[in-house]
Amino acid sequence: MLGCSCQPKAEEVSETANKEIVINTTMEDLLTRRSVRSYTDEIPPMEVIEEICKAGTYAPTGMNRQSPIILAVTNREVRDRLSELNAQVMGSDNDPFYGAPVVLVVLADKNVRTYVEDGSLVMGNLMNAAHAKGLGSCWIHRAKEVFETEEGKKILKDLGVEGDYVGIGNCILGYTNGDYPQPAPRKENWVYWVK
Ligand SMILES: Cc1cc2nc3c(=O)[nH]c(=O)nc-3n(C[C@H](O)[C@H](O)[C@H](O)COP(=O)(O)O)c2cc1C
């Protein structure tokens with residue numbers, strides 16, 4: 001081969017630089033994502049919500065069984081009803097979705113041994129992707145209980161979802177209203193090095 005192999009070509013340099021930018025942006029997003037608990041009413045563009053869902057579908061799953069599904073709820077009535085059912089689990093009257101206009105419900109097929117882990121990683125991807133796209137998000141729990149109710153089961157049936165799906169979490173989404181939350185201090189002894 002002619003030429004010096006230790007000198008990368010211009011296009012290789014820019015490719016490397018791009019990779020570094022992508023890697024740094026990913027790190028930045030992972031470190032700066034926070035749970036947002038105040039939202040405007042505005043529904044983000046559907047393409048953005050679709051991209052966030054896509055990131056969810058690329059989460060790793062045990063043996064690539066892809067056990068989870070996502071209900072992408074932008075319909076106000078259904079969103080409000082899910083909020084009410086969620087509040088009922090807690091015996092509360094407040095909106096557990098903090099006014100967020102969109103909820104991405106992750107459920108997973110309980111016949112797959114890793115369904116909880118699979119669904120949780122989908123939740124993580126959704127929250128991090130939302131942050132990367134400039135949206136606020138938060139994991140709201142009690143999806144399990146909500147989809148054990150007759151009404152929850154009917155929502156799935158009406159959507160044509162068949163099978164043994166268990167609610168893993170609700171990823172609420174929207175534009176942050178007010179200041180972006182600061183992270184809590186990290187506890188001591190998170191990492192035990194074995195070198
Ligand atoms: C499994 C799980 C369940 C959660 N459930 C709720 C919830 O029901 N309501 C809520 O406001 N936040 C909920 N959160 C968000 C946590 O409170 C939040 O991640 C934590 O306080 C750390 O804050 P950060 O996400 O801003 O780093 C949940 C998070 C996880 C991982």
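Reader: Taking two residues to be in contact if their C-beta atoms, placed from the backbone, lie within 7 Å, which residues is V112 in contact with, leaving aside its neighbours within four places in sequence?

Author: This is a predicted model. In it, V112 is in contact with G62, R65, S67 and D118, once neighbours within four places in sequence are left aside.

Reader: Where does V112 lie?

Author: In the loop between strand 2 and helix 4.

Reader: Is V112 buried or exposed?

Author: Neither. V112 counts as partly exposed because it has 19 C-beta neighbours inside 10 Å, and a buried residue needs 20 or more.

Reader: How far apart are V112 and L31 in space?

Author: Their C-alpha atoms are 31 Å apart, and the two residues are 81 apart in sequence.

Reader: Next, Y115. Where is Y115 found?

Author: Y115 is found in helix 4. It is buried, because 22 other C-beta atoms lie within 10 Å.

Reader: What is Y115 in contact with, leaving aside its neighbours within four places in sequence?

Author: The contacts of Y115 are S67, A108, D109, K110 and V166. S67 is also in contact with V112. Y115 and I168 are 53 residues apart in sequence, with 8.8 Å between their C-alpha atoms.

Reader: Back up a bit. How many helices and strands are in the chain?

Author: The chain has 6 helices and 4 strands. From the N terminus on, the elements run α-α-β-α-β-α-β-α-α-β.

Reader: What box do the C-alpha atoms of the chain fill?

Author: Roughly 70 × 40 × 40 Å, taken along the principal axes. Of the 195 residues in the chain, 29% are buried. Among contacts between residues at least 6 apart in sequence, 80% join residues at least 24 apart.

Reader: In what order do the strands form the sheet?

Author: The 4 strands form an open sheet in the order 1-2-4-3, with antiparallel pairing. Strand 1 (68–73) and strand 3 (136–140) are the edge strands, each pairing on one side only. From one strand to the next, the twist averages 20°.

Reader: What packs on the sheet?

Author: Helix 4 (residues 115–132) does, touching strand 1, strand 2 (102–109), strand 3 and strand 4. The direction of helix 4 makes about 5° with that of strand 4.

Reader: Over how many bridges do strand 3 and strand 4 pair?

Author: Over 5 bridges, in the antiparallel sense; strand 4 covers residues 165–174. C138 stands opposite I172 of strand 4.

Reader: How many residues of strand 3 are buried?

Author: 4 of its 5 residues are buried, so strand 3 is largely enclosed by the rest of the structure.

Reader: Which residues are around the ligand?

Author: R34, S35, R37, C138, W139, I140, H141, P181 and P183. By class, this shell divides into 5 nonpolar, 2 polar and 2 charged residues.

Reader: R142 comes right after that stretch in numbering. What is the phi of R142?

Author: About 75°, a positive value, although R142 is not a glycine. R142 lies in the loop between strand 3 and helix 5 (143–146). R142 counts as partly exposed because it has 17 C-beta neighbours inside 10 Å.

Reader: And Q66: what is its phi near?

Author: The phi of Q66 is near 50°, a positive value in a residue other than glycine. Q66 lies in the loop between helix 2 (46–57) and strand 1. With 16 C-beta neighbours inside 10 Å, Q66 counts as partly exposed.

Reader: Helix packing now. At what angle do helix 2 and helix 4 pack?

Author: At about 145°, with their axes 8 Å apart. Helix 2 passes helix 4 in a right-handed crossing.

Reader: Which residues in helix 2 meet helix 4?

Author: E51, I52, A55 and G56 in helix 2 meet V122, N125, L126, A129 and A130 in helix 4. By class, the contact has 6 nonpolar, 2 polar and 1 charged residues.

Conventions:
Predicted model: local features only at pLDDT ≥ 70, side-chain atom pairs only at ≥ 80, totals over all residues. Pairing = 2+ DSSP bridges. Helix = DSSP H or I, 4+ residues; strand = E, 2+ residues; numbered from the N terminus. Axes fitted to C-alpha atoms, helices over the stretch in contact; angles between N-to-C directions. Near = placed C-beta within 6 Å. Nonpolar A, V, L, I, M, F, W, Y, C, P; charged D, E, K, R; others polar. Buried ≥ 20, exposed ≤ 12 C-beta atoms within 10 Å, placed from the backbone. Left-handed = near helix turned anticlockwise from the far one by under 90°.
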